[in-house]
Amino acid sequence: MNFFYLTIFLISFLCSSCGENTTKAEINNITVSILPLKYFVEQIGGNDFNVNVMVPPGASPETFEPTTTQMKQLANSKTFFTLNLLEFEVAYSKMIQQNFNDVDYVVLTDSLKLMRHNHNCEHSHGIDPHIWLSFENSKILAKQISKRLCKLKPQNKLTYNQRTTDLISRICELQDSASKYIKPGESFIIYHPSLSYLSEELGLNQIAVEDDGKEPSAANIKSLIDRSLQDSVKVVLYQKQIGEYAIYSISDALGITPTEFDPLAYDWENNMKQIINLLMR
């Protein structure tokens, strides 16, 4: 979203709030940018907080634009957890911080290992934003979120710390299982390169179909097919938010049935188990 539309959106939001009884940000209300962050908050905080999500199920962060209702929910939240890496997060960052004074803007990327794209991609900042699809980064995300929840409700610190320890323990078990059953050096095809972090941790080769955020050319598709045949690729993935035609052309040529997955699914643990199972083919 460009600056002009951001300005119009902000004016419309502020005007729609005029004359209404505005509610001060409530400590129990938390807003997160994407669903996996809601999962982490609720695994640690239990039912102690009301968690709103900006990007709803099935929507893509690449094209997402928040509604006035969602912005009002954000205005009524004491905390906003953001990665500040996804397109809409970056676009709205300054506006949110300048106009929602009661909302604590918490960026969760501190201390995370960030990867730069090694291919053409539409993310202008050059950083791969899919940091939640990483075992190591997810452990840090859990700790960052727990630290904030303990600050909001210090009386529950022991409970939150124990839940965080349990969650990290489960993440470690998943990581150990993946490392045990997935053979390093294997290659897989994916339309949008959302598994870069996981691939690095497991020693896999991620072959992205997307070319500079667009459908690949016929020449690029042929080159990708030739490489996939050479690497004996057995897995072809495409994410739920981007059901592109090119993936079927490639999978047909390779004789592989493509599998849809959702990198933004709410249930992070179950989703990671499913992704690991897919990569074990």
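A residue counts as buried here when its relative accessible area is under 20%, as exposed when that area is over 50%, and as partly exposed in between. Keep those cut-offs in mind for this predicted model, since they sort out the residues we'll visit. Take aspartate 231: its relative accessible area is 29%, so this residue is partly exposed.

What does aspartate 231 pair with? Its partner is arginine 227, and the two form a salt bridge in which the closest N and O atoms are 3.5 Å apart. Arginine 227 is partly exposed as well, because its relative accessibility comes to 40%.

That pair belongs to a bigger tally: how many salt bridges does the structure hold? The count is seven. The general idea is simple enough: side chains of opposite charge can pair when their charged atoms come close.

Next stop, helix 5, which covers residues 135-152. Glutamate 136 and lysine 139 both sit in this helix, three residues apart, or about one turn. Their side chains meet in a salt bridge, with an N to O distance of 3.3 Å. Are the two partners buried or exposed? Lysine 139 has a relative accessibility of 14%, so it counts as buried. Glutamate 136, on the other hand, is partly exposed, with a relative accessible area of 38%.

Now for a salt bridge that links distant parts of the chain. Aspartate 104 and lysine 78 meet through their side chains at 3.8 Å, N to O. They are 26 residues apart: aspartate 104 is in strand 4 (residues 104-107), while lysine 78 is in strand 3 (residues 77-82). Aspartate 104 has a relative accessibility of 27%, so it counts as partly exposed, and lysine 78, at 28%, also counts as partly exposed. There's a third player here too, as Arg148 joins Lys78 and Asp104 in a network of salt bridges.

Lysine 78 also leads us to asparagine 29, since Lys78 is among the residues that asparagine 29 touches. Where is asparagine 29? Look in strand 1, residues 26-32. With a relative accessible area of 16%, asparagine 29 falls under the 20% cut-off and is therefore buried. Leaving out residues up to four places away in sequence, its contacts are Asn50, Asn76, Ser77, Lys78 and Thr79. With asparagine 50 there's a polar contact as well, joining the two side chains at 3.1 Å.

Key
Residues are numbered from 1 along each chain as its sequence is written. This is a predicted model: local features need pLDDT of at least 70, side-chain atom pairs count only at pLDDT 80 or more; totals for chains, interfaces and linings use all residues. Side-chain values use heavy atoms; hydrogens and water are left out. Helices (H or I, at least four residues) and strands (E, at least two) are DSSP runs, numbered from the N terminus. Buried means under 20% relative accessible area, exposed over 50%, partly exposed in between (1.4 Å probe, protein chains only). A polar contact is a pair of N or O atoms within 3.5 Å; within protein, one must be able to donate a hydrogen and the other to accept it, and residues adjacent in sequence count only if both atoms are side-chain atoms. Contact means heavy atoms within 4.5 Å. A salt bridge is a side-chain nitrogen of Lys or Arg within 4 Å of a carboxyl oxygen of Asp or Glu.
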